[in-house]
Amino acid sequence: VVCSLWVADVAAQELTPRLFWPAPKGTSVLVAGYVYSSGDVLFDYSIPIEDADSSINTAVLAYVRTVALWGRTTNFLVELPYSAGNTKGLLLGEPASRDFSDFGDLSVGLNVNLRGAPTKNREKFMAFRANPRPIIGASLKVQMPTGHYEADRLVNVGANRWAARLKLGTVMKLKSTWLLELSASTWLFGDDNDFVMGKKEQEPIFAAETNTIKRIRPGLWASLDITYYRGGRQTIDGNPLRDEQNNVKLGGTLVVPFLKRHAIKIGYADGIITRFGNDFSEFIVSYNVVLK
């Protein structure tokens, strides 16, 4: 039911297998997750810190509800992260570091199946799971500037701007136990008018993602995930930066159910091509419980 909660420093680097997979109407899921990111990673890569070395721990609390929208299966998601860690590097040639601990930006999402997955009760869902049809879905995710932000600090947990992701994708059955997901998305960014170095603007980031999923038994599945993203050039105080991204990220996900309503999700992601932006690895584990 729950898509992967990759809480990355750059939103376009998210890997989200089974984002458009349906669930019975009325299903509610509570998720408590943990993400560890390490390496050359910053919440904001326009910060002029060289040789950055970060260690970031993020706790995530999320709630997912499956509803009917125009007769189509729709997942509504609310997600709130809390991050704590340390970043160090060279700022204008001098050693610098900062410890931080606070809430990040709240995000809400809506994933709608446009074709192939009308609203289902549990009996119809079980029949669909046994013989899935091709699915076409659309997703809207909005990040709100609710996270902690200090205008006189370079390193902040909150982004102090609105951001939205538009995504289209399809799910196809390759064999009885294999699924292929293909998707394309665009991140759009508002302006940060309080950035310490002047007004910060950012061009859209475009991404394409492929997820190959192996269904082992009901609730137990694994996936190989890869995403390519480019764009995101920034302008600081009217000065364009030479920071357009053109990167590839690879990851894997394993979900193990237990006691009927519970599941553990484990994932790992790493940049395999980083021509610009943050080069880091990320480990995630989450506990999911079906409330209804």
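How many residues lie between E7 and E8 in the hairpin that they form? The hairpin formed by E7 and E8 has 2 residues between its strands, and it opens this set of close-up views of a predicted model.

**View 1. The hairpin of strands E7 and E8 in the predicted model.** Strand E8, covering residues 178-189, pairs with E7 in the antiparallel sense, and 12 bridges are found between the two. One position at which the pairing can be followed is Met 172, whose bridge partner in E8 is Leu 180. The strands are joined as a hairpin, with 2 residues between them.

**View 2. Strand E6 with its partners E5 and E7.** Strand E6 (residues 135-143) runs antiparallel to strand E7 (residues 163-175), to which 9 bridges join it, and E6 is also joined by 8 bridges to strand E5 (residues 107-115), again with the two running antiparallel. Lys 141 can be used to follow the pairing across these strands, since Gly 109 stands opposite Lys 141 in E6, while Lys 141 in turn stands opposite Arg 165 in E7. Elsewhere along the pairing of E6 with E7, Ile 135 stands opposite Val 171.

**View 3. The largest nonpolar core and the surroundings of Trp 21.** The largest nonpolar core holds 13 residues, and the members that touch the most others are Phe 20, Trp 21, Ile 135, Val 171 and Leu 179. Ile 135 and Val 171, named among these, are also the residues that stand opposite each other in the pairing of E6 with E7. When neighbours within four places in sequence are left aside, the contacts of Trp 21 include Ile 135, Val 171 and Leu 179, together with the aromatic residues Phe 125 and Phe 128 and with Asn 75, Arg 129, Pro 132 and Arg 215. Apart from this core lies another, of 6 residues, among them Ala 163, Trp 187, Phe 189 and Ile 205.

**View 4. Aromatic pairs, with Tyr 82 and Phe 103 as one example.** The count of aromatic pairs in the model comes to 3. In one of them, the ring centres of Tyr 82 and Phe 103 are 4.8 Å apart and the ring planes stand at 85°, so the pair is edge-to-face. This pair links distant parts of the chain, given that Tyr 82 belongs to strand E3 (residues 72-91) and Phe 103 to strand E4 (residues 94-103), with their positions 21 residues apart in the numbering. Tyr 82 is partly exposed, at 31% relative accessibility, and Phe 103 is likewise partly exposed, with a relative accessible area of 42%. Trp 187 and Phe 189 form an aromatic pair that is stacked, with 6.3 Å from centre to centre and 15° between the planes. Trp 187 counts as buried at 1% relative accessibility, and Phe 189 counts as buried at 17%.

**View 5. The open sheet E9-E12-E13.** Three strands, in the order E9-E12-E13, form an open sheet whose pairing is antiparallel. Strand E9 (200-202) and strand E13 (239-240) stand at the edges with a single partner strand each, so one side of each is left without a neighbour in the sheet. Strand E12 (residues 234-236) is joined to E13 by 2 bridges, the two running antiparallel, and Ile 236 stands opposite Asn 239 in E13.

**View 6. Lys 200 over the ring of Phe 195.** Lys 200 lies over the face of Phe 195, at 4.7 Å from the ring centre.

Note on methods
Residues are numbered from 1 along each chain as its sequence is written. This is a predicted model: local features need pLDDT of at least 70, side-chain atom pairs count only at pLDDT 80 or more; totals for chains, interfaces and linings use all residues. Side-chain values use heavy atoms; hydrogens and water are left out. Two strands pair if DSSP finds at least two bridges between them. Helices (H or I, at least four residues) and strands (E, at least two) are DSSP runs, numbered from the N terminus. A nonpolar core is a set of buried Ala, Val, Leu, Ile, Met, Phe, Trp, Tyr and Cys residues joined through side-chain atoms within 4.5 Å. Buried means under 20% relative accessible area, exposed over 50%, partly exposed in between (1.4 Å probe, protein chains only). Contact means heavy atoms within 4.5 Å. Rings of Phe, Tyr and Trp (its six-membered ring) pair if their centres lie within 6.5 Å; planes under 30 degrees apart count as stacked, over 60 as edge-to-face and the rest as tilted. A charge sits over a ring if NZ of Lys or CZ of Arg is within 6 Å of the ring centre and within 35 degrees of the ring normal.
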